[in-house]
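Reader: I am new to this structure and would like a close look at a single part of it. Please start from one residue and work outwards.

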Amino acid sequence: MSELALQTNSGSGDHHAPSHYTSTGTVMGKVFMWLFLCQDALMFMGFFAAYISVRIGTGNLWPSSGAHLPGMEENPLNIPLTALNTFVLICSSVTMVLAVQAAHWKQSKKTILWLALTVIGGSIFLGIQYGEYSHLITKDGMSMGRSLFDATFFALTGFHGIHVFCGVMYLLALVIANAMGHKKSKDLGITEWVFKILSVGLTLFFMIKLMGSWKDGGWFLKYVLIVPISAFMAFNLPMVGLALFLWFVPFAHYPPIPHVLLSLIFGSLPYIFYRGVKWLRAREDMGDVVEVAGLYWHFVDLIWIILFTLVYLI
Amino acid sequence: MAENGHTNHTKTYLYIFGALAVLTAIEVGITQIGMPKTPMIILLIALALVKAGLVAVYFMHLKYDAAFLKVIAYSPLAVASILILMLSLEWAFQPHWLF
């Protein structure tokens, strides 16, 4: 059973290099990214539908930026600031699309420049959102449990913000991969071990810190069972561990779950980032790789366009 | 200029960028002039859909993609239409609807 039999390629001629094209002639990464974006769109649609449903139910009691009717609460959201944020995200979308074009033309320096500008745009967006959040939480007293307005606002913008953060990480990995140049290596180098040990160390650090704050758990459960299991996961299968633990998100109220989730997610970041860069550097078709990243970034922008209108403007 | 079979779309991208920026400004403007609520909401949603469409068709290259990929990309719209139908019913049957 050769590897070739498992590939649905359109015949690249080279028997050793796996083809990145599906039998339809479309880049495999693009098909997978679109499928991922479809299910992500469904997730956002659920959030949007819940938000609209709640707003229909509350009618004029909802704080709105538009026509101020008597009895309507004052809207705490800062529209000009968020409009600026929208503009920043649109700009970063343009730099992204130019990066895709430069990558297809194999203009390495221009690709790095446009990608870096996109990363900066995304970071500015996140910075402004951080400022907005801290103002709303400390000055306006908003919190997830205070009202439907607050809950839907944080759920929608927070979920989108996580997407922007992942996008910034994704593009940063691409910038580094492009800057370091193409390299194919299968062996575990010393750098890989450094990142692996760093990740396990970080996971353990977060874990022990968080376990200390969990008053109800016994020491045996905390330090003999949960901490070593998390360290094992961080060492052996950070991505699988993460994917498994994402299933526990609905139970994030129950003590050991959020501790394990948070420490695995933040602890594994350096190693996952390293693996990402390594994987990207091994790819020969940088044009397609950047294009797939572009699809993700534009989708995040697209969601923000709808979110900005529905949550802020209406 | 066409290198490696990829045509130069820079001009198109900049036009789309301009359109997105102008539409955003119009959207913010609409909320400030004190329009009646229902037409304002309809107008804002229409503008947002136009902007989202521009991003999907031009920035996400749907215009230039194979039909096979377009089918995948547009498939969530089917679910969206069901949601819109359900939300419209909810809107229609609200007893205290004041818009």
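Author: The model is predicted. The starting point is Gly167(A), which is found in helix H5 of chain A, residues 148–180. Gly167(A) has 24 other C-beta atoms within 10 Å. The cut-off for a buried residue is 20 or more, so Gly167(A) counts as buried.

Next come its contacts. Leaving aside neighbours within four places in sequence, Gly167(A) is in contact with Gly122(A), Tyr296(A), Trp297(A) and Val300(A). For a sense of scale, Pro228(A) is 61 residues away from Gly167(A) along the chain, and the C-alpha atoms of the two are separated by 31 Å.

One of these contacts, Gly122(A), leads to a helix pair. Both Gly122(A) in H4(A) and Gly167(A) in H5(A) are among the residues where these two helices meet. Helix H4 of chain A covers residues 108–138, and it packs against H5(A) at an angle of about 155°, with the axes 9 Å apart. Angles over 145 degrees count as roughly antiparallel, and that makes H4(A) roughly antiparallel to H5(A). The crossing of these two helices is left-handed. On the H4(A) side the meeting residues include Ser108(A), Thr111(A), Leu115(A), Val119(A) and Gln129(A). On the H5(A) side they include Gly161(A), Val164(A), Leu171(A), Leu174(A) and Asn178(A). By type, the residues of this contact divide into 14 nonpolar, 9 polar and no charged.

Two of the H5(A) residues in that contact, Leu171(A) and Leu174(A), also appear in the largest nonpolar core. This core has 67 residues, and Leu171(A) and Leu174(A) are among those that touch the most other members, along with Ala99(A), Val290(A), Ala293(A) and Leu295(A). Helix H10 of chain A, residues 286–313, supplies the largest share of the core, 19 residues. Val290(A) touches Leu174(A) as well as Ala99(A), Val100(A), Ala103(A) and Thr111(A), not counting residues up to four places away in sequence. A second, separate core has 11 residues, including Met207(A), Leu210(A), Met211(A) and Val227(A).

Three of those names recur in another helix pair: Met207(A), Leu210(A) and Met211(A) are among the residues of H6(A) that meet H9(A). Helix H6 of chain A spans residues 190–212 and helix H9 of chain A spans residues 256–282; they pack at an angle of about 165°, with their axes 8 Å apart. H6(A) and H9(A) are therefore roughly antiparallel to each other. Their crossing is right-handed, whereas that of H4(A) and H5(A) is left-handed. From H9(A), the residues in the contact include His259(A), Leu262(A), Phe266(A), Pro270(A) and Tyr274(A). The residues of this contact divide into 13 nonpolar, 6 polar and 2 charged.

Beyond chain A there is chain B, with 4 helices and 2 strands. From the N terminus on, its elements run β-β-α-α-α-α. Chain B has 99 residues, of which 17% are buried. The contact between the chains takes 45 residues from chain B and 42 residues from chain A. Helices H1 (10–32), H2 (37–59), H3 (67–74) and H4 (76–92) of chain B each supply at least two residues of the side that touches chain A. H2(B) gives the most to that side, with 11 residues. The residues on this side of chain B divide into 30 nonpolar, 10 polar and 5 charged.

How values were computed. Residues are numbered from 1 along each chain as its sequence is written. Chains are lettered from A and ligands numbered from 1 in the order in which they are written. This is a predicted model: local features need pLDDT of at least 70, side-chain atom pairs count only at pLDDT 80 or more; totals for chains, interfaces and linings use all residues. Axes are lines fitted to C-alpha atoms, for helices over the stretch in contact, and angles run from 0 to 180 degrees between N-to-C directions. Angles under 35 degrees count as roughly parallel, over 145 as roughly antiparallel, 65 to 115 as roughly perpendicular and the rest as oblique. A crossing is left-handed if the near helix is turned anticlockwise from the far one by less than a right angle, and right-handed if clockwise. Two residues are in contact if their C-beta atoms, placed from the backbone, lie within 7 Å. Ala, Val, Leu, Ile, Met, Phe, Trp, Tyr, Cys and Pro count as nonpolar, Asp, Glu, Lys and Arg as charged, and the others, Gly among them, as polar. A nonpolar core is a set of buried Ala, Val, Leu, Ile, Met, Phe, Trp, Tyr and Cys residues joined through C-beta atoms within 7 Å. A residue is buried if 20 or more other C-beta atoms lie within 10 Å of its own, exposed if 12 or fewer, and partly exposed in between; C-beta atoms are placed from the backbone.
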